[in-house]
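Visitor: I'd like to poke at the labels people put on structures, and hear what stands behind each one. Can we put it on screen and go through some?

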Amino acid sequence: MKEYQTITEISGPLVYAEVDEAIGYDEIVEIETAQGDTLRGQVLESSEGLVAIQVFEGTSGIDQNASVRFLGETMKMPVTEDLLGRVLDGSGRPIDGGPEIVPDERQDIVGAAINPYSREYPEEFIETGVSAIDGMNTLVRGQKLPIFSSSGQPHSELAMQIARQASVPEDESAEEEESSEFAVIFGAMGITQEEANEFMQDFERTGALERSVVFMNLADDPAVERTVTPRMVLTTAEYLAFEKDYHVLVILTDMTNYCEALREIGAAREEVPGRRGYPGYMYTDLAQLYERAGRIEGREGSVTQIPILTMPGDDDTHPIPDLTGYITEGQIYVDPDLNSQGLEPPVNVLPSLSRLMDDGIGEGLTREDHGDVSDQMYAAYAEGEDLRDLVNIVGREALSERDNKYLDFADAFETEFVDQGFDQNRDLEETLEIGWDLLSMLPKEELNRVDEEFIETYYREDDSERQVVEAAD
């Protein structure tokens, strides 16, 4: 192993050094400062005679007297089942005061792409305990379903609720055999110390930490580390899913901070910027992360992703949510207006979408009436929303009795179905029962998206009359 003292330039998080041998892209580097500190880095660019190194801990303390050693291997994550219950920093080192990790193996953090031929189509339901997701935008194993939020919204609380409550309902045949275990891997990038404390207190208070692995990259940690954190998270998830047969839910927050780190590094490298200053390769970079979700034929486990991103200026045409929407299978919108009304969680189901929902619900998967109930509630709520705009112009007295029922439905949908509190865990049966309570506010003839058989079984005549009386009061 050669050691160089040939640093020529330090630019932001990058160090440039002259070399006299071929250095591999992504190779791991150790830099020893004059003070005796050893910092880790990664080769970002390699040309004849010169390499650019991104330093994970930041370039503070590095000068031209520092020594550079190239280790001849790419960055690897030490993986073992014993990682469950542990808290690590953004580059995979324990920060919970526990023992050092003794890995079963060390895996490359870039990972191997899943062969499309070997992918299994995602169609098994994951229960989050959140009605707006389970009932209207169902999550299935192997899906990638991002949460679109904006600054100041309670997306962190929603992430904690999902991490705490998520489970995989096993069918009866699976229960007789040994069922797969469920694990949550939580990757935080660029969050504040206050947010980190809230996450950890919630994980410890509820006991969710026992089945979780937590990676924490704080706002004052180097931006370069942020580019490594999601790859550490996903490498751990793939190991648990495809080698230990876990169903793994990966929650990544906040992808906006990850993309800002890409932009910072791109600026330091003096790259030609793309849209709004972000690197032109950001789409490819995000796809390399998101496409690591899925199921593999012949393997019991699965990797499901919920990336969370805060849309700058609440603008879903911004490059980060825009590119994310192209790659993933839907989105969940956290709505500022619903949040200002005090709804918890403030999920707006109208622009939200789960593209794989139809394949993951129905008889034998959730309940036979699930799809019809969801479609009918969506249509009724959308009509109620349109009528709210009309009421602002002509007043409620000018509307017909039918229109008033749809207005009442929209109000009840928000206060009874969407608003459940961040501490309430509703199973799917309860979610669908609330759905039928709401649909029973409408006359039977209005339920044109529900099968007649389901109306006969679940529609509540008494509830319809009761709701109308309550609305009149």
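Visitor: Let's start with D403. Why is D403 called buried?

Guide: D403 has a relative accessible area of 16%. Buried means under 20%, exposed means over 50%, and partly exposed is what sits in between (1.4 Å probe, protein chains only). The 16% of D403 is under the 20% limit, so D403 is buried.

Visitor: And what am I looking at here?

Guide: This is a predicted model, where local features need pLDDT of at least 70 and side-chain atom pairs count only at pLDDT 80 or more, while totals for chains, interfaces and linings use all residues. Residues are numbered from 1 along each chain as its sequence is written, and side-chain values use heavy atoms, leaving out hydrogens and water.

Visitor: What makes D403 and R402 a salt bridge?

Guide: The closest N and O atoms of D403 and R402 are 3.2 Å apart. A salt bridge is a side-chain nitrogen of Lys or Arg within 4 Å of a carboxyl oxygen of Asp or Glu, so this pair qualifies. As for the partner, R402 is partly exposed at 35%. Elsewhere, salt bridges that share partners link R367, D369, E429, E433, D437 and R460 into one network.

Visitor: How many salt bridges turn up in the whole structure?

Guide: A search finds 34. The general idea is simple: side chains of opposite charge can pair when their charged atoms come close.

Visitor: How do you know that E271 and R269 belong with the salt bridges?

Guide: Their N to O distance is 3.0 Å, and that is within the 4 Å cut-off. For burial, E271 has a relative accessibility of 23% and R269 also comes out at 23%. That value lies between the two burial limits, so E271 and R269 both count as partly exposed.

Visitor: R276 and D315 make a salt bridge too; why does this pair tie together separate parts of the chain?

Guide: The side chains of R276 and D315 meet at 3.3 Å, N to O. R276 lies in the loop between α6 (255–268) and α7 (282–290), and D315 in the loop between β19 (302–310) and α8 (319–327), so the pair joins parts 39 residues apart in sequence. Those helices (H or I, at least four residues) and strands (E, at least two) are DSSP runs, numbered from the N terminus. R276 is partly exposed at 49%, and D315 is partly exposed at 21%.

Visitor: D314 is right there as well. What stands out about its phi?

Guide: Phi of D314 is near 55°, a positive value in a residue other than glycine. D314 lies in the loop between β19 and α8 and, at 39%, counts as partly exposed. D26 also has a positive phi, about 70°, and is not a glycine. D26 belongs to the loop between β3 (14–18) and β4 (27–32) and is buried at 16%.

Visitor: What makes the contact between Q331 and P351 a polar one?

Guide: A polar atom of the Q331 side chain lies 3.0 Å from the backbone oxygen of P351. A polar contact is a pair of N or O atoms within 3.5 Å; within protein, one must be able to donate a hydrogen and the other to accept it, and residues adjacent in sequence count only if both atoms are side-chain atoms. The 3.0 Å is within that limit. Q331 sits in strand β20 (residues 330–334) and is buried, at 11%.

Visitor: Which peptide bond ahead of P345 is cis?

Guide: The one joining E344 and P345, with omega about -10°. P345 is in the loop between α9 (336–340) and β21 (347–354).

Visitor: Last one: what makes L390 fit for a nonpolar surface patch?

Guide: Patch residues have over 30% relative accessible area and no salt bridge; like charges are joined within 9 Å, and nonpolar side chains (Val, Leu, Ile, Met, Phe, Trp, Tyr) within 5 Å. L390 has 36%, so its area clears the 30% bar. L390, found in helix α11, forms the patch with I393 and V394, about 290 Å² of accessible area together; such areas come from the Shrake-Rupley method with a 1.4 Å probe, and for residues only the protein chains shown count as cover.
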